[in-house]
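Visitor: I'd like a close look at one part of this model. Could you take me through the strands around one pairing, register and turns included, and then show me how that part sits in the rest of the chain?

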Amino acid sequence: MNVLAYLIPISLILGGVGLVAFVYTVRSNQYDDPEGDARRILSDDWDDRPKP
Amino acid sequence: MTATLRATPSACPACAAAPAAEALAARALPDARIALSLPTIHCAACISKIEAALNAHEQVRSARVNLTLKRASIDAAPDVTAEEMRALVEGLGYEAHELDAGTLSATATDKAGRDLLMRLAVAGFASMNVMLLSVSVWSGAEAATRDLFHWISAAITLPAIAFSGVPFFRNACAALRQGRLNMDVPITLAILLAVITSLWETSLSGEHAYFDAAIALTFFLLAGRYLDHRTRAIARSAAEELTALEVPRATRLRERAEEVVGIADLSIGDLILVRPGGRMPVDGVIVAGTSEIDRSLLTGETLPVFAGEGQQVSAGEVNLTGPLTIRATAVGAETSLHRMADLVAIAESGRSRYTSLADSAAKLYAPGVHILSGLSFLGWYLYTWDLRTALNIAAAVLIITCPCALGLAVPAVTTAASGRLFRRGMLIKHETALERLAQVDTVVFDKTGTLTSGMPRLTNLDTLPRDAMELALALSQASAHPLAQAITLAGRDGGYVTAEVSDISEVPGYGTKGVFEGQDVRLGRASWVGAAPRAETATFLRVGEAAPVALTFADALRPGAEEAVEALVRQGKRVILMSGDTTPAVEALAVRLGIAQWLAEALPADKAARVKALSDQGAHVLMVGDGLNDTAALAAAHVSISPASALDAARVASDIVLLGNDLSPIGAACETARAATRRIRENFRIATVYNIVAVPLAVAGLCSPLIAALAMSASSITVSLNALRLR
């Protein structure tokens, strides 16, 4: 059962990383235009240098 | 972290760095933030084309298209006008409308929604982890391992609930402070009691801990809240966009120069120029010019009224033929348009008496749950004299009965139904509008602008002599008056040729005149051509000294009006027509649509009073109207619908807004509302059945955390699936 000492923290950290990533996406307005972003990826306008 | 992330591209670093610039900034105009509505964009190519064109404009700092909202936001130098940007986009072949950025700013960041989403995410993360730990406890973890898992669960659950549960705690506090019980009181109590008993159990290395139930409960309930919030946020943002489409601007005359200013900047005594086709921005007196004004939005009359010097005009009236200069006598909140808001406020206080299905369920439910849980605590305490067992059982009862499915029952259905109606072009603005729409048994329609489109149509073309029509066509082509345009349209469709009339000129407020074969010809108002006025809308043609010929008009029906009335009658509803227009006009329309009951020449207060009288007789009235004269009636009715073309005040007062031009969705909406309410009741029944099965187990002390978790998840999922069956 000693393996629990590693596995539990690891699973919690992985979950936490997911949570932090989600919070980051919400805070940086990534859900403002889901439809537009899905289409934008198809155009090559900003491929060489990202949009400011 | 967030401060750097959120820096908007519009922030000008130089301005921030040099506070001395502030003195200058007081004189210099701020950067133009322009919003355009682009209803026809649909693909990646549209986005790049419009963005590229806008960014190529040298004074545009940045432009971004939002495909979800079908909107473009532009950051530009101060002297760039929205009109210029609109023309640029229209040049690319897309429809574009200017949006008032001031009205939209509220929607830009949906703070409450983001806050709920964050809490939902934390609750979701915590509940998944705690569930995982609980599964190992249920599958047989023992002694020290079980205690360790319980302690880890506690460490995750406590902070997560402290953060995620705040909306419930806050609502429950507010309700208790007013001495009332709502759905949030049992929720809060269940969560808190579950956490406290579980902590106590864990510290005594007990077997049962309800951390998983407490956090899963929070998660499901937050999901319901978030759905509810989103539905309303979508409706609100669409309603705001409608408002923003009417940019409040006026042309002010100052020392003979014209300047375009916002309506908020006008003050009493200002001279304002209103061009033909423009709407009066303020109440005032005409100081120069003659014209005709269309007051249909205020009074429901379709007949344009003559306007000359010295006459009073009210905000909201539309100027038809000649330019008018008015001196403002009342601005902003003092205008007659705004004073109507008082009437609305009075009428609305009546509506707030409606208790939603969820609230009435909570009223029955909340005390029942508390009594049941209290009794089982008392019973077990008296039976065993063991506080720990009794408290454990009381907590189990509260968790099992917690209105998890009830919290989802209503939002899941309203989200599904609102989404369906939104696709058909109806915007549900009020949270209980659907429930109220389902109860409707009487429908009151306004005439002008609601059942009719407000566009006149020539009615006596067949009886007119051909030469008279050709003369009328020649004269009407010189005018932008709606009646003249109706003649032009009818003449073109009928294949008439224009007579050769020379020296055509428009006399604003009266009509048009010209010379035909040496004779004076006039087309215009009865008094101007010397004819007897008629009851219906009419214009007159006179050649020389001959007797005037009347051209009569009727309002064209709005598309879908016939279907809507027919569908409502078929559903067994009583349909009534109420209008401020003249008796013959109203009667003709009522006969045409097969409406048995009608009321003409009704004043705004009459309409509201009639609606109130109907409600007092026990009828549930649906009011459909668009004008200022309907506003009070819209607010007084049980539920109200207004078309998108309605006046802003009318749209604010109504619960549902029709986005398209078509009226036919009204019939179907009543059906959908009925189905939705039926589904909500069904959901309540499902939730009750789960409770009836699980509560005896809990009271008997046989309920393990596993059973609690199963019952809760199963009932929540069934309720959500049932809501999705709605069609």
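Guide: Let's start with one pair: Gly524(B) stands opposite Phe540(B) in β20(B). Bear in mind that this is a predicted model. That pair belongs to the ladder between β19(B) and β20 (residues 538-543) of chain B, an antiparallel pairing over four bridges. Another pair in the ladder is Val521(B), whose bridge partner in β20(B) is Val543(B).

Now step back to the other neighbour of β19(B). Strands β18 (residues 511-516) and β19 (residues 519-524) of chain B also run antiparallel, and six bridges hold that pairing. Here Phe516(B) is set opposite Gln519(B). The two strands make a hairpin with two residues between them, and in that turn Glu517(B) has a positive phi of about 50°.

Going forward instead, β20(B) is joined by four bridges to β21 (residues 549-557) of chain B, once more antiparallel. Leu541(B) faces Val549(B) across that ladder. This is a hairpin too, with five residues between the strands, and Gly544(B) takes the positive phi there, near 55°. So much for the pairings; a general point helps when you look at the side chains. In a regular strand they alternate between the two faces of the sheet.

Where does this stretch belong? The domain assignment gives chain B domain 1 (30-99), domain 2 (249-334), domain 3 (423-453 + 558-674) and domain 4 (456-556). Domain 3 is written in two segments, 423-453 and 558-674, and domain 4 is listed as 456-556. As for spacing, the C-alpha centres of domain 1 and domain 3 of chain B lie 37 Å apart.

Then there's an open sheet of seven strands in chain B, ordered β14-β26-β25-β24-β15-β22-β23, with mixed pairing. The edges are taken by β14 (426-428) and β23 (597-599) of chain B; each has a single partner strand, so one side of each is left without a neighbour in the sheet. From one strand to the next, the twist averages 20°. Within that sheet, β15 (residues 442-446) and β22 (residues 574-578) of chain B run parallel, joined by five bridges. One of the pairs there is Val444(B) with Ile576(B) in β22(B).

Have a look at helix α16 (residues 404-423) of chain B as well. Its 20 residues reach 29 Å from first C-alpha to last, close to the 28 Å expected at 1.5 Å a residue. Of those 20 residues, 16 are buried, so α16(B) is largely enclosed by the rest of the structure. Following the helix comes Gly425(B), with a positive phi near 95°.

For the whole of chain B, count 28 helices and 26 strands. Its C-alpha trace spans about 115 × 70 × 45 Å along the principal axes, and buried residues make up 46% of its 727 residues. Among contacts in chain B with a separation of 6 or more, 68% come from residues 24 or more positions apart.

Last stop, the partner chain: 21 residues of chain A are in contact with 21 residues of chain B. On chain A's side, the elements giving two or more residues are α1 (4-27) and α2 (34-40) of chain A, and α1(A) gives the most, with eight. By class, that side has ten nonpolar, four polar and seven charged residues.

Note on methods:
Residues numbered from 1 in each chain as written. Chains lettered and ligands numbered in written order. Predicted model: local features only at pLDDT ≥ 70, side-chain atom pairs only at ≥ 80, totals over all residues. Pairing = 2+ DSSP bridges. Axes fitted to C-alpha atoms, helices over the stretch in contact; angles between N-to-C directions. Contact = placed C-beta atoms within 7 Å. Nonpolar A, V, L, I, M, F, W, Y, C, P; charged D, E, K, R; others polar. Expected span 1.5 Å × (residues − 1). Buried ≥ 20, exposed ≤ 12 C-beta atoms within 10 Å, placed from the backbone. Domains from an automatic or database assignment.
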